[in-house]
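Got your viewer open? Load the model, switch to a cartoon view, and keep the selection box handy.

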Amino acid sequence: MPRSCLYLGEVMHQRLRPVRHRFVYRVFSLLIDLDEMPALDKRLRLFAHNRFGLAALHDRDHGLRNGAPLRPWVEAQLAQHGIELDGGRIFLLAMPRVLGYGFNPLSIYWCYGPERRLRAVVYEVKNTFGEQHVYLWPAERARKADSPIIHSAAKTFYVSPFIGMRAKYKFRVFEPEGRLAVVIRERDEAGNDILLATHRARREELSDAQLLRACLTLPFVTLKVMAGIHWEALKLWLKGARYHRRPTPPTGEAIL
């Protein structure tokens, strides 16, 4: 089972059809044990929980997005599908707010039982229209801890205005340890790859020194992500990508 840490790496998006486009951004993320957040807030001078700081995580940016604690929300998502953690750990992988600004297109909750075995993964997806949706994957009991998590899901949430809703996701991720690896392929109805998205990173100690180094090396990382989303969308539009209108967002989570 992992422990709270910092990940330094990069996000890559490659659009494959009908318009080809690729970009790579360097980013840093935090993997935080939800139960450890108050202690980390006290121990680290540069990390803040639910308050302003150089690097901060706010409960209102996730879950119900009203400031309610995250652990009960995650447990409620799991309970709807008969998954109980029995007091086990929940880790949130997300980019922090940097000097007050934050945006996470994708946050991941890794949910473990008391025996330290993965029981579920919850994907929290946001778009730039202020909407949010959840995809939930119940862990397979027979899966080995060091093997990849491979699963798929029908697309039910509008993300990019230049990719339609008739698509399917294929996920290939590893439990977060020394290295982080998240690979998502989006395919059309015929099974052709439309988009390949990856997040690869290496683990670093979660300390004031590493937080300062990450913020100096990658200043305003979440602002850069938001600006990058709009900049890349403009370039796609200039290349002739077709615009797809935004449908009514779904209610409830999608089981994988």
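Before selecting anything, a quick convention: a residue is buried under 20% relative accessible area, exposed over 50% and partly exposed in between, using a 1.4 Å probe and the protein chains only. This is a predicted model, in which local features need pLDDT of at least 70 and side-chain atom pairs count only at pLDDT 80 or more, while totals for chains, interfaces and linings use all residues. Residues are numbered from 1 along each chain as its sequence is written, and side-chain values use heavy atoms, with hydrogens and water left out.

**Whole view**

Stay zoomed out for a moment. The protein has 4 helices and 14 strands; these are DSSP runs numbered from the N terminus, with helices being H or I of at least four residues and strands E of at least two. Of the 256 residues, 52% are buried. The exposed surface comes to about 12,700 Å², and carbon and sulfur atoms supply 53% of that; the areas are from the Shrake-Rupley method with a 1.4 Å probe, and for residues only the protein chains shown count as cover. Among contacts (heavy atoms within 4.5 Å) with a separation of 6 or more, 58% are between residues 24 or more positions apart.

**Stop 1: select 90-94**

That's strand β5. Because 5 of its 5 residues are buried, β5 is largely enclosed by the rest of the structure. Show its side chains next. In a regular strand, side chains alternate between the two faces of the sheet. Here I90, L92 and A94 sit on one side and F91 and L93 on the other, and all of them are buried, so to speak covering is found on both faces.

Now add the neighbours. Strands count as paired if DSSP finds at least two bridges between them. Strand β2 (residues 21-33) pairs with β5 in the antiparallel sense over 4 bridges, and strand β7 (residues 106-112) also pairs antiparallel with β5 over 4 bridges. Click on L92 to see both connections: L92 is the bridge partner of I32, and in β7 the bridge partner of L92 is Y109.

**Stop 2: select S29**

Move along β2 to S29. Is S29 buried or exposed? At 3% relative accessibility, S29 counts as buried. Light up its surroundings: leaving aside neighbours within four places in sequence, S29 is in contact with C5, L6, Y7, L93, A94, M95 and H199.

One of those contacts, C5, is a handy next click. C5 is buried, with a relative accessible area of 2%. Jump to C111 as well, which is buried at 0% relative accessibility. How many disulfides does the structure hold? The count is 0, with a disulfide taken as a pair of cysteine sulfur atoms within 2.5 Å.

**Stop 3: select 47-49, 55-57 and 97-98**

These strands make an open sheet of 3, in the order β3-β4-β6, with mixed pairing. β3 (47-49) and β6 (97-98) are at the edges with a single partner strand each, so one side of each has no neighbour in the sheet. Strand β4 (residues 55-57) runs antiparallel to β6, joined by 2 bridges; A55 has V98 as its bridge partner in β6.

**Stop 4: select the aromatics**

Rings of Phe, Tyr and Trp (its six-membered ring) pair if their centres lie within 6.5 Å; planes under 30 degrees apart are stacked, over 60 edge-to-face, and the rest tilted. By this rule there are 7 aromatic pairs. For F23 and Y25, the ring centres are 5.2 Å apart and the planes at 50 degrees, so the pair is tilted. F23 and Y25 are both buried.

Y135 and Y169 have ring centres 6.0 Å apart and planes at 85 degrees, so that pair is edge-to-face. The pair links distant parts of the chain, with Y135 in strand β9 (residues 132-138) and Y169 in strand β11, 34 residues apart. Widen the selection and ring pairs link Y123, Y135, Y169 and F171 into a cluster.

**Stop 5: select K155**

K155 sits in the loop between β10 (149-154) and β11 (167-173), and is buried with a relative accessible area of 7%. Not counting residues up to four places away in sequence, its contacts include Y135, Y169 and E186. Draw a distance to E186: the two side chains share a polar contact of 2.9 Å. A polar contact is a pair of N or O atoms within 3.5 Å; within protein, one must be able to donate a hydrogen and the other to accept it, and residues adjacent in sequence count only if both atoms are side-chain atoms.
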